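Student: I'd like a close look at one part of this protein. Could you walk me through it slowly, and show me the structure before we start?

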Amino acid sequence: TNMRLGKIPLVIGMPVLVSQNFDVDGGIVNGSTGILRKVRYSLNDEKQRVLRSCIVEISQSSGEALPNLSPQQIPIIEDSVEL
């Protein structure tokens, strides 16, 4: 979100909404919906979990599958934002 909540709970199986055009040709556009399938964390210096990547399954997507993923599974990697 533009408000940068800081911490949001992530639960496997939760619905996800794409809020910007990511891959128009592949069908991953603003308004696409998906399901959170996997989450990967690391620990920071304070031993807090920090999100590094996740896998979202978007049934409307059409594109070549990445290795070890189904065609509808999309990797999302961390984004650094300065507040």
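**A close look at strand E2 and its surroundings**

Student: What does strand E2 (residues 33-43) pair with, and which residues does Ser-32, in the loop between E1 and E2, touch?

Tutor: Happy to. Keep in mind that this is a predicted model. Let's get our bearings before zooming in. The protein has 4 strands and 0 helices, and if you read along the sequence you get the pattern β-β-β-β. There are 83 residues, and 19% of them are buried.

Now for E2 itself. On one side of the story is E1 (15-17), which pairs with E2 in the antiparallel sense over 3 bridges. One of the matched positions is Val-16, whose bridge partner in E2 is Gly-34. E2 also pairs with E3, again in the antiparallel sense, and here there are 8 bridges. For an example, find Tyr-41: Leu-51 in E3 stands opposite. E2 and E3 form a hairpin with 5 residues between them, and Lys-47 in that turn has a positive phi of about 65°.

Next, look for a link between side chains of these two strands. Glu-57 and Arg-37 form a salt bridge, with their closest N and O atoms 3.4 Å apart. Glu-57 belongs to strand E3 (residues 49-57) and Arg-37 to E2, so the pair joins parts of the chain that are 20 residues apart. A search of the whole structure finds just this 1 salt bridge. Why do we call both partners partly exposed? Buried means under 20% relative accessible area and exposed means over 50%; Glu-57 comes in between because its value is 26%, and Arg-37 does too because its value is 34%.

Let's move to the loop before E2. Ser-32 is found there, between E1 and E2. Ser-32 counts as buried because its relative accessibility is 5%. What is around it? Not counting residues up to four places away in sequence, Ser-32 touches Val-16, Leu-17, Val-18, Gly-27, Ile-58 and Gln-60. With Gly-27 there is some extra detail: a polar atom of the Ser-32 side chain lies 3.3 Å from the backbone oxygen of Gly-27.

Now follow E2 to Leu-36, where two threads meet. The first thread leads to Gly-13, in the segment before E1. Gly-13 and Leu-36 are 23 residues apart in sequence, yet their C-alpha atoms are 5.1 Å apart in space. Leaving aside neighbours within four places, Gly-13 is in contact with Ile-35 and Leu-36. Gly-13 counts as partly exposed because its relative accessibility is 38%.

The second thread leads inside. Leu-36 is part of the largest nonpolar core, which has 7 residues: the others are Val-18, Ile-28, Cys-54, Val-56, Ile-58 and Ile-74. Try clicking on Ile-74 next. Neighbours within four places aside, Ile-74 is in contact with Phe-22, Ile-28, Cys-54, Ile-55, Val-56, Ile-58 and Ser-61. Ile-58 is worth a second glance, since you've met that residue among the ones touching Ser-32 and again in the core.

To finish, step back to the whole chain. Of the contacts with a separation of 6 or more, 30% are between residues 24 or more positions apart. The accessible surface comes to about 6700 Å², and 53% of that belongs to carbon and sulfur atoms.

Definitions and conventions. Residues are numbered from 1 along each chain as its sequence is written. This is a predicted model: local features need pLDDT of at least 70, side-chain atom pairs count only at pLDDT 80 or more; totals for chains, interfaces and linings use all residues. Side-chain values use heavy atoms; hydrogens and water are left out. A salt bridge is a side-chain nitrogen of Lys or Arg within 4 Å of a carboxyl oxygen of Asp or Glu. Buried means under 20% relative accessible area, exposed over 50%, partly exposed in between (1.4 Å probe, protein chains only). A nonpolar core is a set of buried Ala, Val, Leu, Ile, Met, Phe, Trp, Tyr and Cys residues joined through side-chain atoms within 4.5 Å. Contact means heavy atoms within 4.5 Å. Accessible areas come from the Shrake-Rupley method with a 1.4 Å probe; for residues, only the protein chains shown count as cover. A polar contact is a pair of N or O atoms within 3.5 Å; within protein, one must be able to donate a hydrogen and the other to accept it, and residues adjacent in sequence count only if both atoms are side-chain atoms. Two strands pair if DSSP finds at least two bridges between them.
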